[in-house]
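Visitor: I'd like to go through this one label by label and hear what stands behind each. Could you take me through it?

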Amino acid sequence: MILASYPDGRDGSARIVAPNRATARPVGASFADMIDGHPMTAGDPAPFDIARCAAPLPRARQFLDGSAYVNHVELVRRARGAQMPASFWTDPLMYQGCADPFLGPTDPIRSDPAWGTDFEAEIAVITGEVPAGADVETSRAAIRYLVLLNDISLRDLIPAELAKGFGFVQSKPPSSLSPLVRSVDDMPGWDGDRLHVTMCVDRNGAPFGRLDAGADMTFGFPQLIAHAARTRPLPAGTVIGSGTVSNKLDGGPGRTVDDGGAGYACIAEQRMVETIRDGQARTPWLQPGDRVRIWAEADGQDLFGAIEQEVIE
């Protein structure tokens with residue numbers, strides 16, 4: 001099942017979208033209501049306009065973002081000359097992000113140029129209820145939907161926050177979601193743990209990333225969910241992000257698309273590779289007027305629609 005939301009009040013009005021995306025049926029409720037299992041009846045099909053879509057979940061119950069591609073973390077630490085603890089390969093990193101609001105797929109990214117604005121192209125899952133202490137199998141069974149996520153990061157605000165030893169707040173503003181979500185039973189490339197699709201990113205119309213989202217993912221989504229639920233229950237409608245999709249090349253950092261590589265899912269990773277190879281970063285952070293486009297493909301088919309955002313000051 002493919003779902004979308006049109007703007008309507010605080011939580012939107014859900015639509016069940018036809019496979020060809022030509023039509024959609026209103027369900028008389030929000031996507032959040034659907035996750036909660038509220039009774040509803042689908043209406044008659046009407047023309048579907050993906051350009052009207054808001055975030056499927058404008059207000060999520062909870063947003064937890066992992067860092068499942070440990071290659072990305074390794075590059076971050078290597079670029080600043082820090083050794084990575086061995087535990088990072090066995091114990092997931094995760095932070096609690098801004099769950100209210102989620103930006104829509106075409107909402108602007110509002111930022112100050114001095115903040116070092118970056119995009120992060122990610123896969124995310126939306127769960128049903130997860131009990132505290134859930135194991136990996138219970139966590140896998142709780143995955144209901146998949147969606148694309150742009151985890152917007154303000155890189156030049158991060159160091160000061162991390163130096164306090166108390167996590168992200170100012171450096172992690174609202175993230176954005178793709179226009180479409182898909183249920184796990186209607187998700188090409190889904191194996192129950194990882195999504196094997198091509199994550200595509202363009203910056204200002206030029207290819208920035210064409211990555212294999214299933215490769216180099218150290219922790220699958222059930223592991224991330226079990227990690228999040230170790231000491232707390234997760235309510236239905238919890239969003240769990242994968243972290244920045246990141247691919248290795250011959251055991252080392254990847255190359256740009258122009259250089260024949262898979263590219264990157266965030267600017268920071270390209271800057272890290274430049275620092276490691278050349279001694280300094282050259283690629284600038286996002287600037288006002290820049291545009292970012294994020295989408296995912298399987299066998300040439302666009303799966304979630306695109307996140308297309310412009311940076312404004």
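Guide: What follows is a walk through some labels used for this predicted model, with the reasoning behind them.

Visitor: Okay, Asn 150. Why is Asn 150 called buried?

Guide: Buried means under 20% relative accessible area. Asn 150 has a relative accessible area of 0%, so the label applies. Asn 150 is found in strand β10.

Visitor: What makes the pair of Asn 150 and Glu 120 a polar contact?

Guide: The cut-off for a pair of N or O atoms is 3.5 Å. A polar atom of the Asn 150 side chain lies 3.0 Å from the backbone nitrogen of Glu 120, so the pair falls within that limit. Leaving out residues up to four places away in sequence, Asn 150 also touches Ile 109, Phe 119, Ser 175, Ser 176, Ile 294, Ile 307 and Gln 309.

Visitor: And Pro 188, why is Pro 188 called partly exposed?

Guide: The class in between runs from 20% to 50%. Pro 188 has a relative accessible area of 29%, so partly exposed is the word for it. Pro 188 sits in the loop between β13 and β14.

Visitor: Which residues does Pro 188 touch, not counting those up to four places away in sequence?

Guide: Arg 182, Leu 195, Val 197, Ala 298 and Leu 303. As for Asp 299, 111 residues apart from Pro 188 along the chain, the two C-alpha atoms are separated by 9.2 Å.

Visitor: Arg 21 next. What does the side chain of Arg 21 reach at 2.4 Å?

Guide: The backbone oxygen of Asp 302. With a limit of 3.5 Å for a polar contact, 2.4 Å is within it. Arg 21 lies in the loop between β2 and β3. Beyond four places in sequence, the contacts of Arg 21 include Phe 48, Leu 180, Arg 182 and Leu 303.

Visitor: What makes helix α5 "mostly covered"?

Guide: Six of its eight residues are buried, each being under 20% relative accessible area. They are Phe 221, Pro 222, Leu 224, Ile 225, Ala 226 and Ala 228. The elements these buried residues pack against include β5, β9, α3 and β16.

Visitor: How do you know that the span of α6 is close to the expected one?

Guide: The expected span is 1.5 Å times one less than the number of residues. α6 has 12 residues, for which 16 Å is expected, and its first C-alpha to its last also spans 16 Å. Among the buried residues of α6 are Ile 267, Met 272 and Val 273. Gly 279, with a positive phi near 90 degrees, follows α6.

Visitor: Now the empty spaces. Why is one of them called a cavity?

Guide: A cavity is a set of points where a 1.4 Å probe fits but cannot get out, whereas a pocket is open. The whole structure has one cavity of 30 Å³ or more, and the largest has a volume of about 30 Å³. Its lining includes Ser 67, Phe 88, Asp 91 and Phe 219, and by class has six nonpolar, one polar and one charged residues. Asp counts as charged and Phe as nonpolar.

Visitor: Which element gives the most to the lining of the second largest pocket?

Guide: Strand β15, with three residues. About 150 Å³ of space lies in that pocket, and its lining includes Arg 203, Phe 208, Asp 258 and Gln 270. By class, that lining has four nonpolar, two polar and two charged residues.

Definitions and conventions. Residues numbered from 1 in each chain as written. Predicted model: local features only at pLDDT ≥ 70, side-chain atom pairs only at ≥ 80, totals over all residues. Heavy atoms only, no water. 1 Å grid on protein atoms, 1.4 Å probe; cavity = no way out; pocket = protein on both sides within 12 Å on 5 of 7 lines; lining within 4 Å. Points joined across faces, edges and corners; volume = space filled by probe spheres on them. Helix = DSSP H or I, 4+ residues; strand = E, 2+ residues; numbered from the N terminus. Buried < 20%, exposed > 50% of the residue type's maximum accessible area, 1.4 Å probe, protein only. Contact = heavy atoms within 4.5 Å. Polar contact = N/O pair within 3.5 Å; in protein donor to acceptor, adjacent residues only side chain to side chain.
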